[in-house]
Amino acid sequence: LLTQSENPRVAIDQIIAEMEEGLAGARRSATTAAGNADRLFAEIQAHRQQADQWSERARESLKARQDDEARLSLLRKRETDDLIAGLVQQHHAAEATREHLATMQRALEARLAEALRRRSAMEHGVPAADHPT
């Protein structure tokens, strides 16, 4: 693009501005993905505690010979376990998204660094052919 441009310095400034804007968006997306993964993890932990409480209630109900209460507690525990299973799948997907977006962010940062080096070389009069990419 720079070799085809009438004014390569203006062109590289525009390219860098667009890259910085894209990188800012990538950072926002990565932050959002990390927050989602963290929120899901916390939700899983809370539901695991709740499942443990339902198990304890079932044991207590059995000791007190309250079979109906014990069955109800075990039913609630199973429902909570099913919910946890779904949340775990969502958490795995959120972690994969977090990793993917972090990788994309690092790639954009590397490209931006390369463009900034090229601009610096241009400002110092180093021809593009002499500047390593």
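**Close-up views of a predicted model**

W54 counts as buried, because its relative accessibility is 15% and the limit for a buried residue is under 20%. The legends below describe close-up views of a model that is predicted.

**View 1. W54 and the residues that it touches.** The residue at the centre of this view, W54, is found in helix 1, which covers residues 8-63. When residues up to four places away in sequence are not counted, W54 touches S73, R76, K77 and T80. One of these contact partners, T80, lies 26 residues from W54 along the chain, and the C-alpha atoms of W54 and T80 are separated by 8.9 Å.

**View 2. The salt bridge between R39 and E43.** R39 forms a salt bridge with E43, and the closest N and O atoms of the pair are 3.4 Å apart. Both R39 and E43 belong to helix 1, where they stand four residues apart, about one turn of the helix. R39 counts as partly exposed because its relative accessibility is 45%, and E43, with a relative accessibility of 28%, counts as partly exposed too.

**View 3. The salt bridge between R59 and E56.** In this view R59 forms a salt bridge with E56, the closest N and O atoms being 3.3 Å apart. The two residues, R59 and E56, both lie in helix 1 with a spacing of three residues, about one turn of the helix. At a relative accessibility of 45%, R59 counts as partly exposed, while E56 is partly exposed with a relative accessible area of 34%.

**View 4. The salt bridge between E114 and R118.** Here the side chains of E114 and R118 meet in a salt bridge, with a distance of 3.9 Å from N to O. Helix 2, which covers residues 67-123, holds both E114 and R118, and they are four residues apart, about one turn of the helix. E114 counts as partly exposed because its relative accessibility is 26%, and R118 is likewise partly exposed, with a relative accessible area of 29%.

**View 5. A network of salt bridges.** In this last view, the residues D38, E95 and R98 are linked in a network of salt bridges. For the model as a whole, the count of salt bridges comes to 10, among them the R39 and E43 pair of the second view.

Technical notes:
Residues are numbered from 1 along each chain as its sequence is written. This is a predicted model: local features need pLDDT of at least 70, side-chain atom pairs count only at pLDDT 80 or more; totals for chains, interfaces and linings use all residues. Side-chain values use heavy atoms; hydrogens and water are left out. Buried means under 20% relative accessible area, exposed over 50%, partly exposed in between (1.4 Å probe, protein chains only). Contact means heavy atoms within 4.5 Å. A salt bridge is a side-chain nitrogen of Lys or Arg within 4 Å of a carboxyl oxygen of Asp or Glu.
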